[in-house]
Each structure stands twice: as structure tokens, then as C-alpha cells.
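Biologist: Please show the model under discussion. Questions on its helices and its interior will follow.

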Amino acid sequence: MNQFELDTVDQNKDIFFIGIGGISMSALAVILKNDGYSVRGSDFKAGPMTEDLESKGISVCIGHQADNINGAGLVVYTAAIKQDNPELVRARELGIPAIERATLLGSLMKRYQHPIAVSGTHGKTTTTSMLSHILLSANLDPTILVGGVLPVIGGNMRDGGNDYFVTEACEYCGSFLKFFPLYSIILNIEEDHLDYFKDLEDIVKCFHAFAQLVPPEGAIIANYDDEKVRRAVKGSRAAIISYGMNCDDCSYTAKNISFSENGCGIFEIFHDGKFMMEAELNVPGMHNVSNALAVAAAAHLLGIQAKDIQKGFSSFHGTNRRFEHKGTYNGAQIIDDYAHHPTEIRATLSSARAVARDGKIWCVFQPHTYTRALKLKDEFAHSFSECDHVILSDIYAAREKDTGLIHSLDLAEAIDSVSHNASYIKGFDAICAYLKTNVKPGDLILTMGAGDVYKIGEMLAK
């Protein structure tokens with residue numbers, strides 16, 4: 001269990017964040033500064049997030065140097081920081097307490113009456129954002145931490161009151177096992193982060209441990225369409241509130257589902273077999289109908305009325321990098337999406353097909369990490385059937401080093417062997433040139449991946 005208590009930190013000394021420009025780290029830094037702590041940090045490069053922190057009075061060192069932490073009373077680092085990081089090494093030499101980001105976040109959750117953690121292999125950012133819109137619609141003044149830029153709060157965090165706290169809960173490195181949720185949502189469980197987990201069963205065990213964190217007075221909102229989620233929540237201390245679109249024994253179900261011209265779901269929500277409300281979304285895809293069902297169950301549990309739930313649905317048009325419209329080129333729409341797992345790719349392409357209609361879909365896919373590309377190669381090969389043309393850029397390394405075991409050309413060949421629609425092109429400039437030559441009015445250009453592939457769409461839109 002997490003033994004760290006934020007209240008024990010000396011407010012006369014700095015809290016130093018290693019990797020402060022990260023989406024979650026930056027949010028935590030701002031919340032602590034607002035609470036009266038002295039906060040600063042470092043990151044390996046400057047960017048919009050570090051500039052925003054500087055504008056809020058938080059000093060950011062660019063580059064990791066041992067001397068940066070001098071004067072700190074606490075050091076916070078992410079799971080992505082290596083143990084030989086010079087700042088982390090110096091902190092331990094000086095006896096400065098050093099904790100992971102997840103430990104700090106878990107301690108912070110204890111301050112709130114209703115801490116809510118949104119977990120799952122896919123859909124965490126969208127679901128957290130959708131729930132945030134509903135909490136805001138109900139005037140509940142939530143504190144929000146989301147893994148993307150949410151326009152309604154003008155960024156990735158909102159520092160609200162002490163009643164409601166909603167955050168994403170990521171399973172990577174078992175980070176969410178350091179949390180203290182009263183309510184948890186488990187959206188789905190699939191193979192991912194195989195640089196940390198041994199296999200799918202190892203992942204299910206981790207989610208099972210996460211489910212055990214919810215106390216008896218709390219509740220777990222669980223997707224019963226997913227057999228692995230059912231197994232993960234079995235034996236939990238808390239009440240299980242089930243939802244699903246294909247199960248007869250669920251507490252919350254969606255019926256009479258149809259879709260608008262833009263592919264957005266219109267459906268009815270039933271609770272324990274009784275009609276609860278009509279729902280209409282402004283984000284596309286069947287997967288978002290499922291996400292909305294989870295959110296409606298959570299909101300209903302919190303006592304939020306149907307009109308405020310729908311008000312939240314109506315105001316939510318997505319977060320940045322989640323099926324985000326970036327502009328047009330030669331009469332073709334440009335959409336960017338964060339999808340980087342085979343299941344996410346299929347869901348995104350299904351939404352893209354609804355939008356493109358008769359036009360061709362040109363998908364530029366940037367694989368994310370060598371481990372994922374190698375271990376899920378066969379799954380990737382079968383994920384692009386909805387696409388007319390798939391262009392693969394080089395693998396985005398993120399936290400990894402090139403092992404030489406996998407290359408984007410290998411993935412392109414695997415995809416092409418199934419769908420006969422894939423090729424590899426090296427370099428963003430060359431990909432842009434290829435698209436400029438081939439894309440026609442009415443087509444859809446989709447940039448997809450968790451790296452910097454969005455830059456291609458921005459280059460074309462200019």
C-alpha cells in the first residue's frame with residue numbers, strides 16, 4: 001500500500017518534478033502550486049506544456065542535470081524515468097525522498113470525498129473527458145486530470161473543489177495500484193504494454209489487484225461485454241455495477257442504437273431493465289456508445305439527473321488527438337487520432353469510414369514503440385481492412401531503443417499481405433509529397449499513432 005502522505009511534505013522546500021512537461025506531471029505540479037507548495041522541475045526539451053508551466057510561475061530546467069534538484073525536499077518522477085537519471089541519482093545520494101508520479105497522485109486522491117479512477121486498455125481519455133463534461137454540467141466543481149487537452153477546461157487539468165476528483169488510471173508498470181479510488185471504471189482489458197507485462201493473464205491479474213483497491217462502500221463500473229473484465233472484478237469487496245451492449249445480465253444497457261450522418265451514436269439507456277434516458281453523442285463510433293454507457297452508469301451512481309447527463313454528452317466533442325479535425329487539403333478532410341493499438345485502430349477506422357462515406361481513406365500510421373510493433377505484429381496486420389491506403393512511417397521509439405528486431409517495413413508487408421493496401425515511406429516530407437500527388441477531393445486523410453504523426457496533417461493543412 002501507498003505509505004506516502006502529502007501532508008508530511010515540508011512546504012518550505014521545493015517539490016521537484018523530473019519530466020514535468022508530461023501530461024500528468026504538469027497537471028500535478030499545477031495543483032500542488034495552487035495548494036501553496038513551491039514547485040519546479042525539469043524536462044529534456046521545451047514545448048507548449050513547459051511554456052504553460054512557466055507562465056504559471058513554475059520554473060522549468062531544460063535538460064536533466066544533477067544540480068537541478070539542489071534545495072528540493074521531495075522529488076517526483078514518472079515510470080518512464082530511468083534509474084540512472086542524474087537528478088534521481090543525486091536525490092538518492094543526498095537522501096531526498098523520491099517517489100513515483102502514481103504515488104503522489106494516489107496520495108492526492110485521499111483529499112477528495114469522491115475520487116473516481118477511469119481504467120482500461122482503451123478509451124480512458126475519452127471516457128474521463130466525457131464524465132468530466134457531465135460533472136461540469138451538473139455544477140459539481142470537479143478536479144480533473146485527463147491525458148489530453150480538453151477544450152472545456154482549457155488544458156489537461158482543472159483544479160476544482162474537494163468533493164469530486166476524476167482521473168485516468170493507467171495500468172503500465174502497475175501505476176494505478178498506488179491509487180485510492182472510491183469508484184472505478186474498467187472499460188476493457190487487452191494485451192498491451194508487453195515491455196512490462198508477461199502476457200494477457202498478467203494484465204488481468206493487475207486489473208484484479210486494481211479492483212481490490214475499491215473499498216466496500218465504493219463501486220466498480222465494469223464492462224461485462226469483456227470477459228476479461230468480468231474475471232478481473234470477481235471477488236471484489238465493492239459493489240459491481242455492470243454495463244454492456246451485448247449482455248442480458250447487465251445493470252446498464254444501450255438499446256435501439258442508430259447513428260447520425262457523422263457516425264455519432266443515438267440510443268436509449270436502460271437501468272435494470274427500465275428505461276432511463278435517451279442519449280445522443282457528438283463523438284463517432286460504436287466504441288463511444290460503450291464509453292458513454294459507462295459514464296452514464298457512473299453519473300447515475302453519483303445522483304446526477306438524466307438531463308445533466310445528456311447536457312454533458314451534447315457539449316462533448318472530443319479531446320485533442322481523439323478523432324480531431326485538423327483541416328482540409330485539396331477537398332479532403334484531415335483527421336488525427338491517437339490510436340496505436342490494433343483494437344483502437346479498428347474502432348477509429350470504423351468511425352472514419354462513416355465520415356468518408358464514398359471517399360477513399362488514406363491512413364498514415366506511425367507505430368508506437370518497438371515492443372508493441374513486434375509483439376502485436378499479427379494483430380496489426382488484420383486491423384486496416386477499412387482503409388483504402390495505409391502508409392507506414394518509421395516506428396516512434398518513445399521510451400525504447402531500436403532492437404533491430406522489427407521495422408515499419410515489416411509491418412507494412414504484414415498488413416499488405418492481408419489487406420493489399422499498405423506501403424512504407426520514410427520521412428514526413430516524403431509522405432506529404434505522396435499524399436499531395438494522390439489524394440482527391442472527398443477523400444479522408446487520417447494520421448494515426450501516439451507519437452508525432454499529427455505533424456503530417458498540420459503540414460498538409462498549411
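Biologist: How many of the residues of helix α5 are buried?

Modeller: This is a predicted model, in which local features need pLDDT of at least 70, side-chain atom pairs count only at pLDDT 80 or more, and totals for chains, interfaces and linings use all residues. Residues are numbered from 1 along each chain as its sequence is written, and side-chain values use heavy atoms, without hydrogens and water. Helices are DSSP runs of H or I of at least four residues, strands E runs of at least two, numbered from the N terminus. Buried means under 20% relative accessible area with a 1.4 Å probe, protein chains only; α5 is mostly covered, and the buried residues number 13 of its 14.

Biologist: Which residue with positive phi follows α5?

Modeller: Helix α5 comprises residues 124–137. The phi of the residue that follows is near 60°, and that residue is N139.

Biologist: Why does the span of helix α13 agree with expectation?

Modeller: The expected span is 1.5 Å times one less than the number of residues. Helix α13 has 12 residues (408–419) and should therefore span 16 Å; its end C-alpha atoms are apart by that value, 16 Å.

Biologist: Over what arc do the buried residues of α13 lie?

Modeller: The buried residues are S408, L411, A412, A414, I415 and S419. They lie on the same side of α13, because the arc they cover around the axis, taken from the directions from the helix axis to the C-beta atoms, is only 165°.

Biologist: Which helix gives the most to the largest nonpolar core?

Modeller: A nonpolar core is a set of buried Ala, Val, Leu, Ile, Met, Phe, Trp, Tyr and Cys residues joined through side-chain atoms within 4.5 Å. Of the 83 residues in the largest one, F17, L32, L104, I186 and F384 touch the most other members. The helix that gives the most, with seven residues, is α1.

How values were computed
Buried means under 20% relative accessible area, exposed over 50%, partly exposed in between (1.4 Å probe, protein chains only).
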